[in-house]
Amino acid sequence: MQIIEKTRNTKETEINLVFNPKGCGKYKISTGLNFFNHMLEQLTYHANFDIELTAKSLDGNEHHLVEDVAITLGQAFLNSLEDKKGIKRYASVILPMDEALILCAVDVSGRAFCKADFNIKEEKTSDFETVLLIHFFNSFAMNAGITLNIKQLDGIDPHHIIECSFKAFARALKGATETDSDNPNKIPSTKGIL
């Protein structure tokens with residue numbers, strides 16, 4: 001796995017990222033959205049990534065900002081894996097946070113798919129539009145080439161539900177990309193490619 005530097009500049013956003021998939025949970029994140037910064041810090045810390053990220057909205061649209069950050073992170077994650085030799089590939093986590101409970105399962109398969117199932121009634125928590133939660137996970141999965149299933153099993157507080165989901169996602173990504181000590185030099189597929 002390698003450190004990836006990515007830039008994404010559009011008419012809507014400017015994104016600069018340094019991504020280390022085998023870091024120690026260090027982060028320096030600025031997106032202009034305090035709650036989103038906090039969620040990306042949770043992702044970084046609990047996945048044991050190192051992330052330096054600056055994201056600037058040029059059109060004032062949070063949807064475009066969250067989407068472009070997810071696209072950039074997903075692409076960096078994919079690029080960092082190289083041929084995926086020696087990774088465990090699969091991981092799943094059921095993670096609690098107070099009353100919230102999230103199930104997250106990932107397959108680092110090269111096949112992009114996302115099923116995200118949440119029941120959040122509030123339109124916003126802090127400065128974050130809650131509808132962007134599913135959009136973040138979908139955009140990441142499509143660009144990372146992973147199969148992602150993430151589901152809210154319980155929860156009332158939107159802050160807890162969203163934070164719990166980022167932590168569960170982080171822990172699942174960490175588990176799926178750990179080295180398989182039984183097969184450290186094999187691609188984890190009977191096809192010989194992922």
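**Briefing: a four-stranded sheet, its helices and V66**

K115 sits across from N149 of strand β10. Helix α3 (residues 132-144) packs on this sheet, where it touches β7 and β10, and its direction makes about 165° with that of β7. Keep in mind that we're looking at a predicted model. Here's the rest, by topic.

**The sheet**
- The sheet is an open one with 4 strands, and the order goes β5-β6-β10-β7. Its pairing is mixed.
- β5 (90-97) and β7 (113-117) each have a single partner strand, so they stand at the edges with one side lacking a neighbour in the sheet.
- Going from one strand to the next, the twist averages 10°.
- β7 and strand β10 (residues 147-154) run parallel, and 5 bridges join them.

**Another helix on the strands**
- Helix α4 (residues 158-177) lies across β5, β6 (100-107) and β10.
- Relative to β5, helix α4 runs at about 150°.

**A look at V66**
- You'll find V66 in helix α2, which spans residues 62-80.
- V66 has a relative accessible area of 0%, so V66 counts as buried, the cut-off being under 20%.
- Setting aside neighbours within four places in sequence, V66 is in contact with L33, F36, F128, L132 and F136.
- Take L33 from that set of contacts: L33 and V66 are 33 residues apart along the chain, and their C-alpha atoms are separated by 9.3 Å.

Definitions and conventions: Residues are numbered from 1 along each chain as its sequence is written. This is a predicted model: local features need pLDDT of at least 70, side-chain atom pairs count only at pLDDT 80 or more; totals for chains, interfaces and linings use all residues. Side-chain values use heavy atoms; hydrogens and water are left out. Helices (H or I, at least four residues) and strands (E, at least two) are DSSP runs, numbered from the N terminus. Buried means under 20% relative accessible area, exposed over 50%, partly exposed in between (1.4 Å probe, protein chains only). Contact means heavy atoms within 4.5 Å. Two strands pair if DSSP finds at least two bridges between them. Axes are lines fitted to C-alpha atoms, for helices over the stretch in contact, and angles run from 0 to 180 degrees between N-to-C directions.
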